Amino acid sequence: RQTMKSRAKANTLRGGSRSRSKSKSKTKSKRGGESKKRSKYREFMAQAKILSDKKKIKDSEWNDRQEALQKIRDLVQEGLVDLKSWPGHIEPVFRKILAIQLEDLRTAIVKEVCSLLAEAVDILQHRGVELVRFFIPYLFPLLYVTIKIVSKCATGCINYMVKTIRSYDVLPELVAGCDDVMLSANLSNAYEL
């Protein structure tokens, strides 16, 4: 007992116990960061499940879907797109659920999806080129919809994404979508590199 006490006292005098407590606190903070990342991932997957539920889309339960989109937008703002699992696990689900929502012409849903896409592209910047390339073909048909709010949201979303990305890699999708002369004239003003 005496030797253990004297060792502990000597260790304290050298500052050894402090370094142990610091390393423990670093370990705890790393665990805390990992648990936050896992909770973001779990929350995203829970919201994705709501958005991919075909029954809710058929039954026109759009309030639940709008809330889920808002929660995903909050997660994106909190760093969802910066997680290591974004490219392999989260982004494919993200693409799928938002594409499903864009096929529904409900104004509130389209507005929410467009603002979510703009937020994600704003955070991703040059890393978001593939995301933009994926969504342009889904947004172009919305430009021809007679619901003015939907077509304005789609136009604004395409314009914002193209201006933010500033990459020639999205040109093939833009050209493929520009069958109408007026439409291509409107979008050419937005695409100034």
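**Burial, packing and confidence in a helical model**

Me: Is Gln 47 buried or exposed?
Reply: The model is a predicted one, and in it Gln 47 has a relative accessible area of 5%. The cut-off for burial is under 20%, so with 5% Gln 47 counts as buried.

Me: Which residues does Gln 47 touch, not counting residues up to four places away in sequence?
Reply: Gln 47 has its place in helix 2, which covers residues 16-51, and its side chain makes a polar contact of 2.8 Å with the side chain of Glu 43. Once residues up to four places away in sequence are set aside, the residues that Gln 47 touches are Ala 68, Lys 71 and Ile 72.

Me: How many Å apart are the C-alpha atoms of Lys 49 and Ile 97?
Reply: Lys 49 is also found in helix 2, where with a relative accessibility of 65% it counts as exposed. Lys 49 and Ile 97 are 48 residues apart along the chain, and the separation of their C-alpha atoms is 8.7 Å.

Me: What distance separates the end C-alpha atoms of helix 4, and what span should its 16 residues have?
Reply: Helix 4 runs over residues 62-77, and Arg 65, Gln 66, Ala 68, Leu 69, Ile 72, Leu 75 and Val 76 are buried in it. Just after this helix, Gly 79 takes a positive phi of about 110°. At 1.5 Å a residue the 16 residues should span 22 Å, and this agrees with the distance between the end C-alpha atoms, which is 22 Å.

Me: Which helix supplies the largest share of the largest nonpolar core?
Reply: That core has 46 residues, and those with the most contacts inside it are Phe 94, Leu 98, Leu 117 and Leu 139. At least two of its residues come from each of helix 2, helix 4, helix 5 (86-103), helix 6 (107-124), helix 7 (129-139) and helix 8 (148-165). The largest share is nine residues, and these come from helix 6. Such a grouping is in keeping with a general tendency, in soluble globular proteins, for nonpolar side chains to be buried together; the helix asked for is helix 6.

Me: Which helices do the buried residues of helix 6 pack against?
Reply: The 18 residues of helix 6 should span 26 Å at 1.5 Å a residue, which agrees with the 26 Å between its end C-alpha atoms. Its buried residues include Val 113, Leu 117 and Val 121, and also the polar Glu 112 and Glu 119. One of these residues, Leu 117, touches Phe 94, Leu 98, Phe 135, Leu 139, Cys 157 and Met 161, not counting residues up to four places away in sequence. Taken together, the buried residues of helix 6 pack against helix 4, helix 5, helix 7 and helix 8.

Me: What is the angle between the ring planes of Phe 134 and Phe 135?
Reply: In the edge-to-face aromatic pair of Trp 86 and Phe 94, the centres lie 5.2 Å apart with 65° between the planes; Trp 86 is buried at 5%, and Phe 94 is buried at 0%. Phe 134 and Phe 135 belong to one aromatic cluster with Tyr 138, although Phe 134 is partly exposed at 26%, whereas Phe 135 is buried at 0%. Their own pair is edge-to-face, with 5.0 Å from centre to centre and an angle between the planes of 90°.

Me: Which residue has a backbone oxygen 2.7 Å from a polar atom of the side chain of Thr 164?
Reply: Thr 164 is found in helix 8 and is buried, with a relative accessible area of 15%. Leaving aside neighbours within four places in sequence, Thr 164 is in contact with Val 121, Asp 122 and Gln 125, and of these Gln 125 takes a positive phi of about 55° just after helix 6. The backbone oxygen that lies 2.7 Å from a polar atom of the Thr 164 side chain belongs to Tyr 160.

Me: Which element of the protein has the lowest mean pLDDT?
Reply: The protein averages a pLDDT of 76, and 68% of the residues score at least 70. Over residues 9-29 the pLDDT is below 50, and beyond near neighbours in sequence this stretch has four contacts in the model. Among the elements, helix 6 has the highest mean, 91, while the lowest, 50, is that of helix 1.

Technical notes. Residues are numbered from 1 along each chain as its sequence is written. This is a predicted model: local features need pLDDT of at least 70, side-chain atom pairs count only at pLDDT 80 or more; totals for chains, interfaces and linings use all residues. Side-chain values use heavy atoms; hydrogens and water are left out. Helices (H or I, at least four residues) and strands (E, at least two) are DSSP runs, numbered from the N terminus. The expected span of a helix is 1.5 Å times one less than its number of residues. Buried means under 20% relative accessible area, exposed over 50%, partly exposed in between (1.4 Å probe, protein chains only). A polar contact is a pair of N or O atoms within 3.5 Å; within protein, one must be able to donate a hydrogen and the other to accept it, and residues adjacent in sequence count only if both atoms are side-chain atoms. Contact means heavy atoms within 4.5 Å. A nonpolar core is a set of buried Ala, Val, Leu, Ile, Met, Phe, Trp, Tyr and Cys residues joined through side-chain atoms within 4.5 Å. pLDDT is the predictor's confidence in each residue, from 0 to 100. Rings of Phe, Tyr and Trp (its six-membered ring) pair if their centres lie within 6.5 Å; planes under 30 degrees apart count as stacked, over 60 as edge-to-face and the rest as tilted.
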